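User: I am new to this structure and would like a close look at a single part. Please take one strand and walk me through what surrounds it.

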Amino acid sequence: MNTKNRIQRSALILAFAASTLALSACQNLSSPTVRFDRQVNYGDAKAVELVTNEFGSTDLQMIAEKMTGGLLETGIFQGRPTVTISTVKNKTSEYIDTTNVMNSIQTSLVKSGKVRFVRSINEMQAGVDELQRQNQSGLYKQGTTAKVGQMTAAKYSMEGELTSIVKQNNATKDVYYKFTLKLFDVQEGTIEWQDEKEIRKTSKR
């Protein structure tokens with residue numbers, strides 16, 4: 001084989017190798033391999049959670065059930081009054097999403113059909129933005145936009161607070177939680193209802 005033929009053959013081999021590598025790269029990009037490092041199983045969301053003695057899902061559920069049951073038993077929601085959620089203070093040393101607790105309480109109360117919730121302070125800006133978009137953008141037919149100044153005000157305001165006391169030694173850790181919920185009459189400023197839920201959790205080292 002002369003030198004020219006050897007050069008042509010080498011060029012063909014290199015071109016084939018390059019095209020094979022490019023095709024392989026495209027396949028890897030379009031079809032990534034997914035690997036699972038561990039087995040995942042679904043569990044009962046209502047099952048008692050005992051992984052640690054920090055605030056957990058079971059505590060949230062216990063608080064929501066106690067507060068909702070107490071409110072509905074009082075009969076204070078005659079005529080489906082309007083309620084808004086005000087502040088929810090976390091006075092523990094842990095990071096706890098207290099909004100999640102109030103969302104569970106709100107969901108149960110809404111499902112009861114005995115109360116109506118209006119936007120909270122944290123949700124109000126989204127409502128204002130939507131009203132402005134409908135009335136100032138010029139995109140909507142007249143008569144179909146929501147009127148400004150027609151929101152229903154809250155008769156009651158709901159305020160919550162979560163506190164904790166932690167005691168521990170070399171062998172034991174004891175955590176005491178207390179969740180307090182108050183229902184204020186917005187106009188009169190009076191507390192119309194109040195209840196507490198206490199939880200104690202102890203762990204051994």
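Analyst: What follows is a close look at strand β5 and its partners, after a short view of the whole chain.

The model is predicted. The protein chain has 205 residues, and 29% of them count as buried. It holds four helices and five strands. Read from the N terminus, the order is α-α-β-α-β-α-β-β-β. The exposed surface comes to about 14,800 Å². Carbon and sulfur atoms supply 52% of that surface. Long-range contacts matter for the picture below. Among contacts between residues at least 6 apart in sequence, 65% join residues at least 24 apart.

Now to the strand. Strand β5 covers residues 191-204. Strand β4 covers residues 172-185. Several pairs bring residues of these two ranges together.

Start with Gln-194, which is found in β5. Is Gln-194 buried, exposed or in between? Its relative accessible area is 39%, so Gln-194 counts as partly exposed, because that value falls between the cut-offs of 20% and 50%. What does Gln-194 touch, once residues up to four places away in sequence are set aside? The answer is Thr-180, Leu-181 and Lys-182. Gln-194 can also be placed against Gly-70. The two are 124 residues apart along the chain, yet their C-alpha atoms are separated by 8.9 Å.

Move on to Arg-200. Arg-200 forms a salt bridge with Asp-174, and the closest N and O atoms are 3.1 Å apart. This pair links distant parts of the chain: Arg-200 lies in strand β5 and Asp-174 in strand β4, 26 residues apart. The two partners differ in exposure. Arg-200 has a relative accessible area of 55%, so it counts as exposed, because the cut-off is over 50%. Asp-174 has 16%, so it counts as buried, because the cut-off is under 20%.

Next comes Lys-201. The side chains of Asp-59 and Lys-201 meet in a salt bridge, at 2.9 Å from N to O. Here the strand is linked to a helix: Asp-59 sits in helix α2 (residues 57-74), Lys-201 in strand β5, and 142 residues separate them. Both Asp-59 and Lys-201 are buried.

The last stop on β5 is Lys-204, seen from Thr-172. Thr-172 lies in strand β4. The side chains of Thr-172 and Lys-204 make a polar contact at 3.3 Å. Which residues does Thr-172 contact, leaving aside its neighbours within four places in sequence? They are Lys-167, Thr-202, Ser-203 and Lys-204. Thr-172 has a relative accessible area of 17%, so it is buried, because the value is under 20%.

One more pair lies outside β5 and serves as a comparison. Glu-161 forms a salt bridge with Lys-91, with the closest N and O atoms 3.2 Å apart. Glu-161 is in strand β3 (residues 156-168), and Lys-91 is in the loop between β1 (82-90) and α3 (98-112). They are 70 residues apart, and the pair links distant parts of the chain. Glu-161 is partly exposed, with a relative accessible area of 26%.

How many salt bridges are there in total? The count comes to seven. Among them are Arg-200 with Asp-174 and Lys-201 with Asp-59.

Notes
Residues numbered from 1 in each chain as written. Predicted model: local features only at pLDDT ≥ 70, side-chain atom pairs only at ≥ 80, totals over all residues. Heavy atoms only, no water. Helix = DSSP H or I, 4+ residues; strand = E, 2+ residues; numbered from the N terminus. Buried < 20%, exposed > 50% of the residue type's maximum accessible area, 1.4 Å probe, protein only. Polar contact = N/O pair within 3.5 Å; in protein donor to acceptor, adjacent residues only side chain to side chain. Contact = heavy atoms within 4.5 Å. Areas by Shrake-Rupley, 256 points an atom, 1.4 Å probe, with all protein chains shown as cover. Salt bridge = Lys/Arg side-chain N within 4 Å of Asp/Glu carboxyl O.
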